[in-house]
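Biologist: I would like to learn how to read the protein surface beside a DNA strand. Could you take me through it step by step?

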Protein chains: 2
Amino acid sequence: MDARPFTSTIARLKTAGLRPTRQRIGLARLLFDHGDRHVTAEMLHDEATKAGLRVSLATVYNTLNQFTGAGLLREVVVDTTRSYFDTNVSGHHHFFVEQEATLHDIPADAVAIERLPAPPAGLKVARVDVVVRLTKN
Amino acid sequence: MDARPFTSTIARLKTAGLRPTRQRIGLARLLFDHGDRHVTAEMLHDEATKAGLRVSLATVYNTLNQFTGAGLLREVVVDTTRSYFDTNVSGHHHFFVEQEATLHDIPADAVAIERLPAPPAGLKVARVDVVVRLTKN
DNA sequence: GTGATTGCAAATCTTTTGCACTAAA
DNA sequence: TTTAGTGCAAAAGATTTGCAATCAC
């Protein structure tokens, strides 16, 4: 684990057109060096603080939005009260555990969507999101 | 259209355990007497005001939540910035047009979801939501 | 009457923004 | 240097809540 060398994070940011600042590098490492993750701004900010990275919550918000704009993250809409960001940007779906407010990936090939109706004229499908809401029983 | 008689709205509220006040009756008629609808609190409040129903925005929020709790409405999560409520409470899916922030129903039988993975132990599927995000092209 | 409901204003929560300061190139 | 990025505090939106007044039963 933590196989991605420091310089690779910098390269990734540069490629995305983002200046590799201390804060962005630190956040990128937290996000991308530990497998697929789902974070909220608050969660990432707490984690950064605990890891000794000094970064303001505003910068965390800005950074998450910039990373999303650059295609490094994907926003997952499952909860009206909070935004989740997913480090897995390839097509896939989610389990959402309501009581815990936690997200878990469902691989794209684990779900097949058949007979999706064609979109109305003038509109094209940008993305199909499947959210399987789970509750404890 | 507008086939549902006034008393039926009252009966529906009573059945749901909600006292049929002027505000709830008025909002229920706006919601349920005109086919399947998708509304936000702000939209419903504007509509009520235009229809001459005097009701505060806070009461619209409270009423939407109460109706949802009573199973008269379903909340649709498609947008982090706003809550949408759907008068169609049977299983079905949605098109979401990003530029317009509008929702359109997809009948349940128009989509088939195959090979959905089993939920982790101790959890059960409460609901499967499919959101087809559309963009103008 | 009595308890539920409403309206208002204030509070809360998440997210964004303006601007002076700091850091990357 | 020059320009982009950061932090802070304030602002902005959506939604909820406390409480006195009002309404349904």
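Modeller: Helix H2 (22–32) and helix H4 (57–69) of chain A, along with helix H4 (57–69) of chain B, each supply at least two residues of the surface near DNA strand D; helices here are DSSP runs of H or I with at least four residues, numbered from the N terminus, and near means that a heavy atom of the residue lies within 4 Å. This is a predicted model, in which local features need pLDDT of at least 70 and side-chain atom pairs pLDDT 80 or more, while totals for chains, interfaces and linings use all residues. Residues are numbered from 1 along each chain, chains are lettered from A in the order written, and side-chain values use heavy atoms, without hydrogens and water.

Biologist: Which helix gives the most to the surface near DNA strand D?

Modeller: That is H4(B), with four residues. In total 18 residues surround the strand, the closest being A:Thr21, A:Gln23, A:Arg24, A:Thr59 and B:Tyr61, and sugar and phosphate make up 83% of the atoms of DNA strand D that come within 4 Å of the protein.

Biologist: What polar contacts reach a phosphate oxygen of DNA strand D?

Modeller: A polar contact to the strand is a pair of N or O atoms within 3.5 Å. A side-chain N or O atom of A:Thr21 lies 2.6 Å from a phosphate oxygen of DNA strand D, and a polar backbone atom of B:Ser83 lies 2.9 Å from a phosphate oxygen of that strand. The side chain of A:Arg19 places an N or O atom 3.2 Å from a sugar or linking oxygen.

Note on methods: A polar contact is a pair of N or O atoms within 3.5 Å; within protein, one must be able to donate a hydrogen and the other to accept it, and residues adjacent in sequence count only if both atoms are side-chain atoms.
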